[in-house]
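Here are some short exercises on pockets and packing, each with a worked solution. Keep the viewer open and follow along.

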Amino acid sequence: MIAYVRNGDILGELYLPDTTLNNKIGIVWLPGLPNKPIAPEMGKPLSDLGFTVLQARYPGNWQSYGDFGPDSSVKGALMGLELLAKGNTLDLNTEKEIYWDIDHIILIGNSYGGGIAVSALGSSSLASGAIAFCPLLEPSQQNADHLVQEDDLSTLYQYLKRCHENVYRNLDENEWRDYIEGRHSVDPSRFLTKVKERPLLLIHGNEDRSIRSYHTENFYNKLKENGAKQVEILIKESVGHGKDLRISTWNNWTKWLTDLFS
């Protein structure tokens with residue numbers, strides 16, 4: 001079953017598994033930038049495995065309400081956690097109440113959304129863990145190594161304003177600058193001590209040229225230095241950025257999810 005739901009500023013699809021398949025694990029999906037309204041492979045295929053999946057838009061993104069930015073993105077992730085934790089809501093398509101049964105909620109994010117997932121994990125006890133694909137964990141260190149080029153985050157603001165202004169509404173240039181220069185309150189590095197005790201799976205492709213995998217390795221090493229015992233890392237050979245990484249590691253991370261609560 002697929003419902004269309006809202007909580008506060010966020011709206012999106014809620015994929016509910018057949019009750020006979022339900023593994024009682026909920027997922028809040030957090031996409032990268034720019035994004036599409038849904039990621040098909042992160043919806044029904046997961047509900048067919050028994051997961052309850054929320055694919056809501058960030059505040060100020062696509063159909064959602066409010067303004068878009070790093071701070072509101074984390075708040076949107078928290079709204080997603082709160083919605084799944086309730087166990088019921090109104091399906092806006094049918095105007096009927098729907099119900100689901102879960103015991104755990106996992107944040108799963110890709111690229112920009114991977115960093116948001118880590119920050120949200122460190123901000124809420126509702127999340128039981130997180131998976132971060134090719135995550136933006138060190139925005140201020142992007143292109144710090146001049147010998148290994150990657151995406152220039154300073155040009156992304158202008159691109160989003162020029163080509164996607166109504167999709168990422170009211171993105172503040174000063175807030176974006178604070179985020180990519182490491183001064184923002186939701187910079188993932190500020191949550192190292194808060195996520196070190198939480199289950200976290202970091203996945204990156206070694207051929208990623210958008211966000212180099214060494215950033216994820218740096219973050220992993222910092223967590224281990226801080227005493228993290230439930231963080232794991234997977235560097236996938238011969239894979240780049242985005243969807244291919246999720247598909248090529250599908251068996252790894254879905255097994256990690258089910259093993260986590262078995």
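**Exercise 1.** Find how many residues of each class line the largest pocket of this predicted model.

*Solution.* Start with the classes: the lining has 13 nonpolar, 8 polar and 6 charged residues. Next, look at the lining as a whole, which is made up of 27 residues. Gly32, Leu33, Pro34, Asn35 and Asn110 are the ones nearest the pocket's centre. Finally, add the volume: the space in this pocket comes to about 550 Å³.

**Exercise 2.** Work out which residues line the second largest pocket.

*Solution.* Begin with the residues from the early part of the list: Met1, Leu16, Pro17, Asp18, Thr19 and Asn22. Then add Thr52, Tyr99, Trp100 and Asp101. Sorted by class, this lining has 5 nonpolar, 3 polar and 2 charged residues. The pocket holds about 150 Å³ of space.

**Exercise 3.** Is helix α3 mostly covered or uncovered?

*Solution.* Take the helix span, residues 112-121. With buried meaning under 20% relative accessible area, check each residue: 10 of 10 are buried. Among them are Tyr112, Ile116, Ala117, Ala120 and Leu121. Helix α3 is thus mostly covered.

**Exercise 4.** Identify the residues with the most contacts inside the largest nonpolar core.

*Solution.* The core has 56 residues, and Leu107 and Trp176 have the most contacts inside it. Apart from this core lies another, of 22 residues, including Phe51, Ile203, Trp253 and Leu257. Now go back to Leu107: leaving out residues up to four places away in sequence, its contacts include Val28, Leu30, Ala77 and Leu81. Leu107 also touches Ala117, Ala120 and Leu121, which are buried residues of α3.

Conventions:
Residues are numbered from 1 along each chain as its sequence is written. This is a predicted model: local features need pLDDT of at least 70, side-chain atom pairs count only at pLDDT 80 or more; totals for chains, interfaces and linings use all residues. Side-chain values use heavy atoms; hydrogens and water are left out. On a 1 Å grid over the protein atoms alone, a cavity is a set of points where a 1.4 Å probe fits but cannot get out, and a pocket is an open set with protein on both sides within 12 Å along at least five of seven lines; lining residues have an atom within 4 Å of a point. Grid points are joined across faces, edges and corners, and a volume is the space filled by probe spheres set on the points. Ala, Val, Leu, Ile, Met, Phe, Trp, Tyr, Cys and Pro count as nonpolar, Asp, Glu, Lys and Arg as charged, and the others, Gly among them, as polar. Buried means under 20% relative accessible area, exposed over 50%, partly exposed in between (1.4 Å probe, protein chains only). Helices (H or I, at least four residues) and strands (E, at least two) are DSSP runs, numbered from the N terminus. A nonpolar core is a set of buried Ala, Val, Leu, Ile, Met, Phe, Trp, Tyr and Cys residues joined through side-chain atoms within 4.5 Å. Contact means heavy atoms within 4.5 Å.
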